[in-house]
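This report sets out selected features of a single protein structure for a reader who has the atoms at hand.

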Amino acid sequence: MQAWQVHQLGEPSEVMRLQDVERPVPGDGQVLLKVRAANINFPDALMCRGHYQVRPPLPFTPGVEICGETEDGRRVLANPALPYGGFAEYAVADAAALLPAPDALDDAEAAALHIGYQTGWFGLHRRAALEAGETLLVHAAAGGVGSAAVQLGKAAGATVIGVVGGAGKAAVARELGCDVVVDRRAEDVIAAVKEATGGRGADVIYDPVGGEAYTQSTKVVAFEGRIVVVGFAGGTIPAPALNHALVKNYSILGLHWGLYNTKNPKLIQHCHEQLTELAARGAVKPLVSERVPLAGAAAAVQRVADGLTTGRIAVLPSLADGASA
């Protein structure tokens, strides 16, 4: 089979190589899956660079979420068991963690209704207890993680403010349903959010960026507000001033979605049922901005790494080389 492999760490476009390799052999409790669609996530780029908390042995195949097909023909969602990741024709996953792919979504959309949406659901509902009528601010609102949070926030009855970088991403955020869109490249984020909220600020802030975005969050979080720390796509890990959290009476909530797989896996299943129901009634629909063939995976991972994409890019091994959708 064909698979992308990383033999040394560095930029995805430089270290990912498409090679002919043997199909992986499942271990105890694992299954072999034919990859129907593999979704590109920022952690894929971080793993190529050696900057992610999970460091699979070299060589490894990136790709942390897929829509796959079992030997008996079932469509399932899975997080491949590294080093046999999803940017390949076949991957390996733990049998106990497979989730049924929603009938309402195609393969690429289904693959995208996993990590990003599960993270959003746990962040907004389990950690921040977002309520209808509250104001939710989402950083990087047009990205893969942010777009999921925007849709989930709207589905929960919140007023959603999306912060983006650039006019193109602003247009995407509006299409996703943001009530207010702030272009950080053209506007003062703090002033714009305060104006939009009548000076009150946002009740819940969803931050996959870190750095300056986190600093902005502390300036616009409402009384009894909650800042959900999801990641540091901006490259800088902030050092929170806890005296500021005390004086302004807000909470800083960390979210590591992967821990639920070991600490409380039943919640993963419950969340998937909620997401499947939302997808069935059209309340959420993953934004797949591009579908590329297997040969295009390295270049696509690099674009995600460089922050040049909106929504999700899906890799479809069945798609002919040179084609995109």
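The text below goes through sheets, helices, individual residues and backbone geometry in turn. The model under discussion is a predicted one.

## The parallel sheet

Six strands make up an open sheet, arranged in the order β10-β9-β8-β11-β12-β13 and paired in parallel. The edge positions are taken by β10 (180-183) and β13 (251-254); each has a single partner strand, so one side of each lacks a neighbour in the sheet. On average, and with direction ignored, neighbouring strands of this sheet are turned by 20° against each other.

At one end of the order, β9 (residues 159-164) is joined to β10 by 4 bridges, and the two strands run parallel. Within this pairing, V163 stands opposite V182 in β10. Helix α6 (residues 167-176) lies across both β9 and β10, and its direction makes an angle of about 165° with β10. Since angles over 145 degrees count as roughly antiparallel, this value falls in that class.

## The antiparallel pair β3 and β6

Elsewhere, strand β3 (residues 30-39) pairs with β6 in the antiparallel sense, over 5 bridges. K34 is the residue that stands opposite Y90 in β6. Of the 5 residues of β6 (residues 90-94), 4 are buried, so this strand is largely enclosed by the rest of the structure.

## Helix packing

Helices α4 (residues 115-127) and α11 (residues 265-280) pack with their axes 10 Å apart and at an angle of about 100°. The angle makes α4 roughly perpendicular to α11. On the α4 side the contact is made by Y117, Q118, W121, F122 and R126, and on the α11 side by L267, I268, H270, C271, H272, Q274 and L275. By class, the residues of this contact divide into 7 nonpolar, 4 polar and 1 charged.

Helix α8 (residues 212-220) has A213, Y214, Q216, S217, T218 and V220 among its buried residues. Which elements cover them? The cover includes the strands β8 (135-139), β11 (202-207), β12 (221-229) and β13, together with the helices α7 (189-196) and α9 (242-248).

## H139 and its surroundings

H139 belongs to strand β8. With a relative accessible area of 3%, H139 is buried, because the limit for that class is under 20%. The side chain of H139 forms a polar contact of 2.9 Å with the side chain of S217, and S217 is one of the buried residues of α8. Apart from neighbours within four places in sequence, H139 is in contact with G146, V163, I205, Y206, D207, P208, V209, A213, Q216 and S217. Among these contacts, V163 is the residue of the β9 and β10 pairing that stands opposite V182, while A213 and Q216 are buried residues of α8.

## R291 and D106

R291 is located in strand β14 (residues 288-293). How accessible is R291, buried or exposed? At a relative accessible area of 17%, R291 is buried. The side chain of R291 also makes a polar contact, at 2.8 Å, with the side chain of D106.

## Backbone geometry in loops

Two peptide bonds that lead into proline are cis. The bond from L58 to P59 has omega near -10°, and P59 is found in the loop between α2 (42-49) and β4 (65-69). The bond from L82 to P83 has omega near 20°, with P83 placed in the loop between β5 (75-78) and β6.

Two residues have a positive phi without being glycine, namely A140 and N249. The table lists their values and positions.

| Residue | Phi | Relative accessible area | Loop |
|---|---|---|---|
| A140 | about 50° | 33% | between β8 and α5 (144-155) |
| N249 | about 65° | 36% | between α9 and β13 |

A140 counts as partly exposed, and N249 likewise counts as partly exposed. The loop of A140 begins after β8, the strand that holds H139. The loop of N249 leads to β13, which stands at an edge of the parallel sheet and is also among the elements that cover the buried residues of α8.

Definitions and conventions
Residues numbered from 1 in each chain as written. Predicted model: local features only at pLDDT ≥ 70, side-chain atom pairs only at ≥ 80, totals over all residues. Heavy atoms only, no water. Pairing = 2+ DSSP bridges. Axes fitted to C-alpha atoms, helices over the stretch in contact; angles between N-to-C directions. Contact = heavy atoms within 4.5 Å. Parallel < 35°, antiparallel > 145°, perpendicular 65-115°, else oblique. Nonpolar A, V, L, I, M, F, W, Y, C, P; charged D, E, K, R; others polar. Buried < 20%, exposed > 50% of the residue type's maximum accessible area, 1.4 Å probe, protein only. Polar contact = N/O pair within 3.5 Å; in protein donor to acceptor, adjacent residues only side chain to side chain.
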